[in-house]
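Let's take a walk through this one together, beginning with the ligand and then moving on to a few spots in the loops. Have the model open and follow along.

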Amino acid sequence: MTIKLVEPKATAAGDRRRGERRLEFAHAWDYAPAPEAVDHVKILPRYELFIDGKWQAPEKGRYFDTLSPSTEQKLSEVAEASAEDVDRAVRAARHAYDRVWSRMKPLERGKYIFRIARIIQERSRELCIVESLDGGKPIKESRDFDVPTAAAHFFYYAGWADKLGYAFGGRPVSALGVAGQIIPWNFPLLMAAWKIAPALACGNTVVLKPAETTPLSAMFLAEIIQEAELPDGVVNIVTGAGATGAALVAHPDVNKVAFTGSTDVGKRIQKALAGTGKKLTLELGGKAANIVFADAPLDQAVDGIVNGIFFNQGHVCCAGSRLLLEESVHDLVIRKLRDRMATLRVGDPLDKNTDIGAINSRMQLEKIKELCAAGEAEGAERWSPPCELPAKGFFFAPTVFTGVAQSHRIAREEIFGPVLSVLTFRTEAEAVEKANNTFYGLSAGVWSNKGARLFKMATQLEAGVVWGNTYNKFDPSSPFGGYKESGFGREGGRQGLAAYLHVD
Ligand code: ADP
């Protein structure tokens, strides 16, 4: 790899602000491309449904393409599961539950789950490439976060399999039966791990439906499940769009539904399940506030802000999409933030230097553009660093809006893109009021050098997760989930077991 140093251009001294001058320096370094090699990854031209331990063709013979959002090229095609296919998968899961999985010694169940974790680690180089190709996220995210954290969830819950009797103060527990699990496109493999690992550890069997734009890593996970020699039917994976998900939710022999996705669909699922007795957990949207006090370590906070909204293209339900700045440091933080944003590299997800990859789909890109246009129309000031976007693929430059009012759509609606809305506050009480002024309640961040303030804010913020002087930190032992329209139930940790057990 060669690194070229380009002389900074002369700046018109005096009429430029400090941030813009530093921006010239940020562009002084030109990185040579550092694409990850992909020739060792074998993506099949077509994937069938994974039912009862085998690849089975869909009854109606329908398939749909899955594209790379960074090149718009077809990667493969996957089966579209009809209600009949979903029924076949649920029957396979029931059979496996009755005959094998519910009868197996918990210690043995744990061994299978450990095996899945180890094979994920062994195949991590393939998995991260598939994840970045199919979803558009930068390889450094999928390589350093998604895949290792997915393996970590299987390791963590494997350890619980034979200790469930101790999880709830010695109260007896039992499995629920068949779990129907529906996941979104932002963390395809990791969401599958969040759902499958605790379900299996608790003795349930599973039918999983991946998102229609990112099915490929789930197809690789199916291969891993075969390689781990899990008994047939314990995990079934059915691909398809909303109708497939709806059929899974409606299936009478599903005992538990776990859903991660949009608040709209979550509400529909809740209505569909009302009165059925099926257990439900929902992890929905968010509009998190990242709150920076004047006494915070500001450089560290700026990195946390960038990590919170720009990495992973803002495709994170807990993204810190509202930045609440104490008024006295507003200008300073914005200047530092713009400097940092100017160093972000947008482009090929498979390049190891890329910070911001491709937006997951054309539809999502259009939604981001529409909300940004609304931000401008409502009077907020828009800024993005100079940044050349690739000609092909779905890309969007990191964007910050200042002068945002609480009534603006960009302050209220989930954008799910690399777009930050900045508001200000003068007192702690005002910060809490503004942060809580949302229908959502998934996460929040607080930056301050006073530990007591971090703890006090954490008790006042209506959010399932509150990060102090950091952002977007995850660990399998730490529960995650929302309040209000961000859903209910917790995933991760001991609390995550409760979603998959009867606790007497
Ligand atoms: P996003 O906006 O993140 O794409 P969605 O809620 O539309 O969120 O999708 C999340 C998951 O829910 C996807 O797997 C999708 O196919 C599935 N889904 C969409 N509509 C329905 C529905 N009516 N019932 C069940 N699942 C659905």
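The ligand sits in the largest pocket, and since this is a predicted model, everything that follows should be read with that in mind. Look around the ligand and you'll count 18 residues surrounding it. The closest of them are Ile183, Trp185, Lys209, Glu212 and Ser262.

What sort of residues make up this shell, nonpolar, polar or charged? It's a mix: ten are nonpolar, five are polar and three are charged. If you'd rather think in secondary structure, try α8 (242-250), β12 (256-260) and α9 (263-273), each of which gives the shell at least two residues.

Now zoom in on the side chains that come up to the ligand's oxygen atoms. In glutamate 212, a side-chain N or O atom is 2.6 Å from an oxygen of the ligand. Serine 262 does something along those lines, with 2.7 Å between a ligand oxygen and an N or O atom of its side chain. For lysine 209, the distance from a side-chain N or O atom to an oxygen of the ligand is 2.9 Å. How much of the ligand does the protein bury? On its own the ligand would expose 560 Å², and 80% of that is buried by the protein.

Leave the ligand now and head for the loops, where a couple of backbone angles deserve a look. Find glutamine 313 in the loop that runs between α10 (298-309) and β15 (322-326). Its phi is positive, about 60°, even though this residue isn't a glycine. Is glutamine 313 buried or exposed? With a relative accessibility of 1%, glutamine 313 counts as buried, because the cut-off for that is under 20%.

Asparagine 469 is another non-glycine residue with a positive phi, this time near 55°. You'll find asparagine 469 in the loop between β20 (465-468) and β21 (487-488). Its relative accessible area is 23%, so asparagine 469 is partly exposed.

Stay in that loop between β20 and β21 a moment longer, since phenylalanine 480 lies there too. Phenylalanine 480 has a relative accessibility of 5%, so it counts as buried. Where does glycine 464 lie relative to phenylalanine 480 in sequence and in space? The two are 16 residues apart along the chain, yet their C-alpha atoms are 6.5 Å apart.

Notes
Residues are numbered from 1 along each chain as its sequence is written. This is a predicted model: local features need pLDDT of at least 70, side-chain atom pairs count only at pLDDT 80 or more; totals for chains, interfaces and linings use all residues. Side-chain values use heavy atoms; hydrogens and water are left out. A residue is near a molecule or strand if one of its heavy atoms lies within 4 Å of it. A polar contact is a pair of N or O atoms within 3.5 Å; within protein, one must be able to donate a hydrogen and the other to accept it, and residues adjacent in sequence count only if both atoms are side-chain atoms. Accessible areas come from the Shrake-Rupley method with a 1.4 Å probe; for residues, only the protein chains shown count as cover. On a 1 Å grid over the protein atoms alone, a cavity is a set of points where a 1.4 Å probe fits but cannot get out, and a pocket is an open set with protein on both sides within 12 Å along at least five of seven lines; lining residues have an atom within 4 Å of a point. A molecule sits in a cavity or pocket if more than half of its atoms lie within 2 Å of its grid points. Helices (H or I, at least four residues) and strands (E, at least two) are DSSP runs, numbered from the N terminus. Ala, Val, Leu, Ile, Met, Phe, Trp, Tyr, Cys and Pro count as nonpolar, Asp, Glu, Lys and Arg as charged, and the others, Gly among them, as polar. Buried means under 20% relative accessible area, exposed over 50%, partly exposed in between (1.4 Å probe, protein chains only).
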